Amino acid sequence: MKQAFIEADEQWFEHADDSGADIGNAVRSACRHWLQAAAKCETPADVWPDRVMRLYLEDNYGAREELLRSANLLLGESALRVLAGQFEARMAKVLAGASNLPRLPHEVFHLSAALSLLSEALGDPDVSVRAVLQYSPVPNELQKQTFVQAYLDADRPEDALPWLEGNWADNEETREGLLADTLERLGRFEASEPVRRHMLEEHPSVFHLRQWLQHLPEANQADALARARQMALGLSDPATAASLLIEVGDIDSAEARLMAESENLREKDFYALEVLAKALRARERWRGETVIYRALLLDILTRAYAKAYRHGARYWARLCEIAEFGAVLAPLRSHEDFAAEVRHRHGRKPAFWAQVDERRDGTAAAENGDGAFEFD
């Protein structure tokens, strides 16, 4: 009955909307149950590979892939390799018949996908790699990335390494990251260090700095931090520079840079700036935090970005909070002057001020309840 249900999938897909993927999930579940039920049958084991292959090849909707992804519920390793061999042979036949065609038939990719799924079931990336190389003997960068990731997932970094040679053009940052990861898994930290350092220099970020420092000998840490500091001081982006300066422990320079170039913070990544603001708050650097939240707030209001008004209300609340506990903001403008300018320029944005009022009312309710308000 389960097999009949799977074979009837055309009826479900052609007569109902599956935009929520409910039908597809039902068919995938049926495939897993079929494999589990088949494993309890007395049918000779050598029968199952052909039946699984037929069911997969007759799939026109992409919901039967679970038959191969979970094939190990039914088939042992030897049977799985027999099934993989059958798919490889079929692919070779299709490719031989398509040698004079301008493009590869769709079936080639359908078979390649099957071998990729069997590769997962076997835990053997070689199966998937061989499949791709059958029709793409000179793999492109995306295919190489897939090979490398599969070998790393299988804890076979030595097999990933050959695919990381050369330059990946627009994906070079990805290649370098995978190369460094592979070398580190092999314990080759001296070889990975210049790769990590180059990534930091080409794409400055706290993430790349931490990656570089992670496996650096302790004796080299101080020089590395000094080098990262000098690099940060020379960056044109004040937000990135400040983030790196905080990471290396130069909080004064980070805050000074933000204050000197506050106008250049507009239209930067909201999330990254919020992370930076929270780092400054944790170190009680109220002026640096104020610069960031003012920049974020003004960007939202100037663009009349209504979807972000609730975030703008959070920034306004935090700016008011900083002012209320008497933080020294000089040489920045006072909070009173800044607030007056915001109300003058953006007082006719009722949707924003409604968010401000709602947040203020929520704060008052929280303070009168069982806990103090926490700025998130």
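How many helices and strands does the secondary structure of the chain come to? In this predicted model, the count is 21 helices and zero strands. The radius of gyration is 29 Å, well over the 21 Å that the globule rule gives for 376 residues, so the chain is more spread out than a compact globule. Along the principal axes, the C-alpha trace spans about 80 × 55 × 45 Å.

A few totals help to set the scene for the details that follow. Of the 376 residues in the chain, 42% are buried. The exposed surface of the chain comes to about 20,200 Å², and carbon and sulfur atoms supply 49% of this area. Among contacts with a separation of 6 or more, 58% are made by residues 24 or more positions apart.

Helix α16 is a good place to look at burial within this all-helical arrangement of 21 helices and zero strands. This helix covers residues 251–260, and because seven of its 10 residues are buried, α16 is largely enclosed by the rest of the structure. The buried set consists of I251, S253, A254, E255, R257, L258 and M259, with E255 and R257 thus sitting among the buried residues of the helix. Four helices provide the surroundings: the buried residues of α16 pack against α14 (218–233), α15 (238–247), α17 (270–282) and α18 (286–302).

Two of these neighbours, α15 and α17, appear again at the largest pocket, where each supplies at least two residues of the lining, as does α13 (206–214). The pocket holds about 430 Å³ of space. Its lining is made up of 21 residues, and those nearest the centre are V206, S243, A272, V275 and L276. By residue class, the lining divides into 12 nonpolar, three polar and six charged residues.

The backbone offers some features of its own. Most residues other than glycine have a negative phi, and most peptide bonds are trans. Against that background, the bond that joins A330 and P331 is a cis peptide bond, with omega at about 10°. P331 belongs to the loop between α19 (309–324) and α20 (335–346). Two alanines are also worth a look for their phi values. A21 has a positive phi of about 65° although it is not a glycine. This residue is placed in the loop between α2 (9–14) and α3 (22–38), and with a relative accessible area of 31% A21 is partly exposed. A304 likewise has a positive phi, here near 50°. The loop between α18 and α19 contains A304, which is partly exposed at a relative accessible area of 42%.

Which residues is H110 in contact with, leaving aside its neighbours within four places in sequence? The partners are Y56, L57 and D59. H110 itself lies in helix α7, which runs over residues 106–122. The relative accessible area of H110 is 18%, and since buried means under 20%, this histidine counts as buried.

Several residues at the surface round out the picture and show how sequence separation and spatial distance compare along the chain. D46, in the loop between α3 and α4 (48–57), is exposed, with a relative accessible area of 61%. The C-alpha atoms of D46 and L75 are separated by 9.4 Å, with their positions 29 residues apart along the chain. D22 is found in helix α3 and counts as exposed at 60% relative accessibility. D22 and P102 lie 80 residues apart in sequence, and their C-alpha atoms are 38 Å apart in space. G97 is part of helix α6, residues 77–97, and is exposed, with a relative accessible area of 63%. Between the C-alpha atoms of G97 and E193, which are 96 residues apart along the chain, the separation is 48 Å.

Conventions: Residues are numbered from 1 along each chain as its sequence is written. This is a predicted model: local features need pLDDT of at least 70, side-chain atom pairs count only at pLDDT 80 or more; totals for chains, interfaces and linings use all residues. Side-chain values use heavy atoms; hydrogens and water are left out. Buried means under 20% relative accessible area, exposed over 50%, partly exposed in between (1.4 Å probe, protein chains only). Contact means heavy atoms within 4.5 Å. On a 1 Å grid over the protein atoms alone, a cavity is a set of points where a 1.4 Å probe fits but cannot get out, and a pocket is an open set with protein on both sides within 12 Å along at least five of seven lines; lining residues have an atom within 4 Å of a point. Grid points are joined across faces, edges and corners, and a volume is the space filled by probe spheres set on the points. Ala, Val, Leu, Ile, Met, Phe, Trp, Tyr, Cys and Pro count as nonpolar, Asp, Glu, Lys and Arg as charged, and the others, Gly among them, as polar. The radius of gyration is taken over C-alpha atoms; the globule rule is 2.2 Å times the number of residues to the power 0.38. Accessible areas come from the Shrake-Rupley method with a 1.4 Å probe; for residues, only the protein chains shown count as cover.
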